[in-house]
Amino acid sequence: MHPVSKATVRRAVPTFGAGPGRTRLAYPDLENPKLAHGVVVFKEPTFGLDYREWVNRASLELETHLSLNPRSIAIPHQTHSARVIDVDTVPCGELDGDGVVTATPLTAIGISVSDCVPLFAVDLQEGVVGLAHCGWRGVAGGVVEELLGVLGAGGSDPARASFLIGAAIGPCCYEVGEDLLACFTAEEVRKFSRSMGRGVFFDLKGVVASRLVACGARPGKISIDMSCTSCKKYLLSSYRADGRDCGRMLAFLMLTE
Ligand SMILES: [Zn+2]
C-alpha cells in the first residue's frame, strides 16, 4: 500500500451554488466544457423513499433544475457492495451496485451519499467517467479497485485519469469500532485511524486516496474535499449526525460531448 502524503494530494475546495431550491456543490478541479458535474444537497428526508421514487426525484433535479438535458440517467440501487456497472452495456432499468461508469455523452450517472465518500473519476482523453459510493463496507470490499477495473476495461489508464474525493464524514467525527477496523489492512489501520479520548476515529477519505494510488493513480491527480458532512450537517447531509432525517446528497457526472 502506498502512503498518501497530504503534500501530494490536492485539496478540493467546492463552490456553493444556490440554484432553484437546492444547494449545489461544484469543484473547480472538475470544471471542463466537456463535463457536467456536481453534488446536489437534498435537505428533506429521503430515506423513506423507495428506490424508484428516489431515482425519479433525483432525475427531476438533473433534468429540470440543473438543465442538463441528459438522454438517459443511471442511478444505481446501492447496497454497500463493490459492484461497479458499465451502464453502456446493461439494459435500462433497475441497477444494483455502488459504482457506475459511462463513455456515452449525455448519459448522466449519479450516486447518493450522506457521510459515505463520493468518488469521481474522469478520463477526458479516453472519454470515460465513473462514480463510486464508497462506504466502509464497499471500500473494504474493493469498490475503489473495481471502479478502476471497469474504467480500465473502457480504455482508461489510472495514471492519466483525474480523481476527486468529495465531501464526506471526516476523521474528526467518524468514530468506528473494532469490527470496522478488522476489515482493513493493518497498514491502513495504522495510517488512517487514531485514538482520541475513548474512541477510535477513521479517515475513510485517506483510505480511498491510498487505494487509488496503489492502483496506479497519480497523487497529483487526486484531490480531496476535506469538508466533513457531520461538522457541516446544516449545509450538507450526515446520517451519523441526523439519522434517517438527514436527507441525501446526489453526486453526478455527465459527458457533454
Ligand atoms: Zn467532522
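Helix α3, residues 143-153, lies across four strands here: β6, β7, β9 (117-123) and β10 (128-134). Against β10, α3 runs at about 165 degrees. Keep in mind that this is a predicted model. The strands under α3 belong to an open sheet of seven with mixed pairing, in the order β1-β15-β11-β9-β10-β7-β6.

**The sheet and its edges**
- β1 (10-11) and β6 (84-86) sit at the edges of the sheet; each has a single partner strand, so one side of each is left without a neighbour in the sheet.
- For β6, three bridges tie it to β7, residues 99-102, and the two strands run parallel.
- If you want a residue pair to look at there, Ile85 has Val100 in β7 as its bridge partner.

**Strand β11 and what flanks it**
- What happens on the two faces of β11 (residues 162-165)? Both are covered: Ser162 and Leu164 are buried on one side, and Phe163 and Ile165 are buried on the other.
- β9 and β11 run antiparallel, joined by four bridges.
- Val122 is the residue standing opposite Ser162 of β11.
- β11 is also joined to β15 (residues 222-224), this time by three bridges and with the strands parallel.
- In that pairing, Leu164 stands opposite Ser223 of β15.
- So β11 takes part in the sheet order with β15 and β9 written on either side of it.

**Helix α1**
- α1 covers residues 51-65, which makes 15 residues, and spans 21 Å from its first C-alpha to its last. That is close to the 21 Å expected at 1.5 Å a residue.
- Which residues of α1 are buried? They are Trp54, Val55, Ala58, Glu61 and Leu62.
- Looking down the axis of α1, those buried residues fall within an arc of 120 degrees, so they line one face of the helix.
- The other side of α1 carries exposed residues: Arg52, Glu53, Leu60 and Thr64.
- As for what covers the buried residues of α1, the list includes β4 (35-42), β5 (72-74), β8 (107-113) and β16 (248-255).
- Just past the end of α1, Ser67 has a positive phi of about 50 degrees.

Key. Residues numbered from 1 in each chain as written. Predicted model: local features only at pLDDT ≥ 70, side-chain atom pairs only at ≥ 80, totals over all residues. Pairing = 2+ DSSP bridges. Contact = placed C-beta atoms within 7 Å. Axes fitted to C-alpha atoms, helices over the stretch in contact; angles between N-to-C directions. Expected span 1.5 Å × (residues − 1). Buried ≥ 20, exposed ≤ 12 C-beta atoms within 10 Å, placed from the backbone. Arc of directions from axis to C-beta.
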